[in-house]
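Trainee: I would like a close look at a single part of this chain, with the rest brought in as a setting for it. Could you walk me through it?

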Amino acid sequence: MPLPSPKAFLILAGLFVCAPTASLAQNAEEIAEALPERVLFVTSGGFWQDAGDAAGQEAAADGETQTNEAEDPGAGDMRRGYYRLIVVRGEDNRSLVELQRIELAADGPTLDLSVGLEEINQIGAYVTDVRPENSTGTASEPGFAAFVYLKTDPSVSEPDTWTVFVDEFGDIVVEQSSN
């Protein structure tokens, strides 16, 4: 069987180089088209990091936990990611707010945790806007902060402002702003 000509190799190499770019563009388009119509707002930002799972940790005799990296070299690996705030239109047309923790895994972003923000969801409001506290795309400290603008009565002209705050330990605080 004869080998392909050098020209054929160049054409094939060009296809392999261009294929990921076309694939990513197609995936973005497919993802956007597959996004449910009930999604009203999505914003992301901040960051989180932790030492990963409990693999390689042993209970010491005094009850403290120690990491044994000699037995598990991956025990020191850090898991990292960012936060995403999603607002969806519920079945009753009121807004439901969900805070998600997205892990930046080797094979792409994966959902690590998703929590409904009951402080907002229970009041049955209509979310009119969501904005991150910082839109620069860089965060110097772990955590996340965003503002949620909502109305409990659609005829009111000015929305109420709520703050969603996640501190460096992952604790979530949701409260009405007092401006």
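Trainee: To get our bearings, how many helices and strands are there in the chain? After that, please take me to β8 and stay there: where does β8 sit in its sheet, and what does β8 supply to the largest nonpolar core?

Mentor: Happy to. Keep in mind that this is a predicted model. The chain holds 2 helices and 10 strands, and along the sequence they follow the pattern α-β-β-β-β-β-β-α-β-β-β-β. Of its 179 residues, 23% count as buried. Contacts across the sequence matter for our view too: among those between residues at least 6 apart, 47% join residues at least 24 apart.

Now to β8, which spans residues 144-151. This strand belongs to an open sheet of 4 strands, ordered β7-β8-β9-β10 with antiparallel pairing. The edges are β7 and β10, each of which pairs on one side only, and the average twist from one strand to the next is 20°.

Let us take the two partners of β8 in turn. On the β7 side, 6 bridges join the antiparallel strands β7 and β8, and Asp129 stands opposite Tyr149 of β8. On the β9 side, the antiparallel pair β8 and β9 is joined by 7 bridges. There, Phe144 has Val166 of β9 as its bridge partner, while Ala145 is partnered by Phe165. As background, strands of a sheet pair through backbone hydrogen bonds, either parallel or antiparallel.

How enclosed is the strand? Because 6 of the 8 residues of β8 are buried, the rest of the structure largely encloses this strand.

That brings us to the core. In soluble globular proteins, nonpolar side chains tend to be buried together. Here the largest nonpolar core has 19 residues, and the members that touch the most others are Leu85 and Val148. At least two core residues come from each of β4 (79-89), β5 (95-105), β7 (126-132), β8 and β9 (160-166); β8 gives the largest share, with 4 residues.

Val148 is a good place to finish. Setting aside neighbours within four places in sequence, Val148 contacts Leu85, Ile120, Val127, Asp129, Val130, Asp160, Thr161, Trp162 and Val164. Notice that Leu85, the other residue touching the most core members, is on that contact list of Val148. Asp129 is there as well, and you have already met Asp129 opposite Tyr149.

Key
Residues are numbered from 1 along each chain as its sequence is written. This is a predicted model: local features need pLDDT of at least 70, side-chain atom pairs count only at pLDDT 80 or more; totals for chains, interfaces and linings use all residues. Side-chain values use heavy atoms; hydrogens and water are left out. A nonpolar core is a set of buried Ala, Val, Leu, Ile, Met, Phe, Trp, Tyr and Cys residues joined through side-chain atoms within 4.5 Å. Buried means under 20% relative accessible area, exposed over 50%, partly exposed in between (1.4 Å probe, protein chains only). Contact means heavy atoms within 4.5 Å. Two strands pair if DSSP finds at least two bridges between them. Axes are lines fitted to C-alpha atoms, for helices over the stretch in contact, and angles run from 0 to 180 degrees between N-to-C directions.
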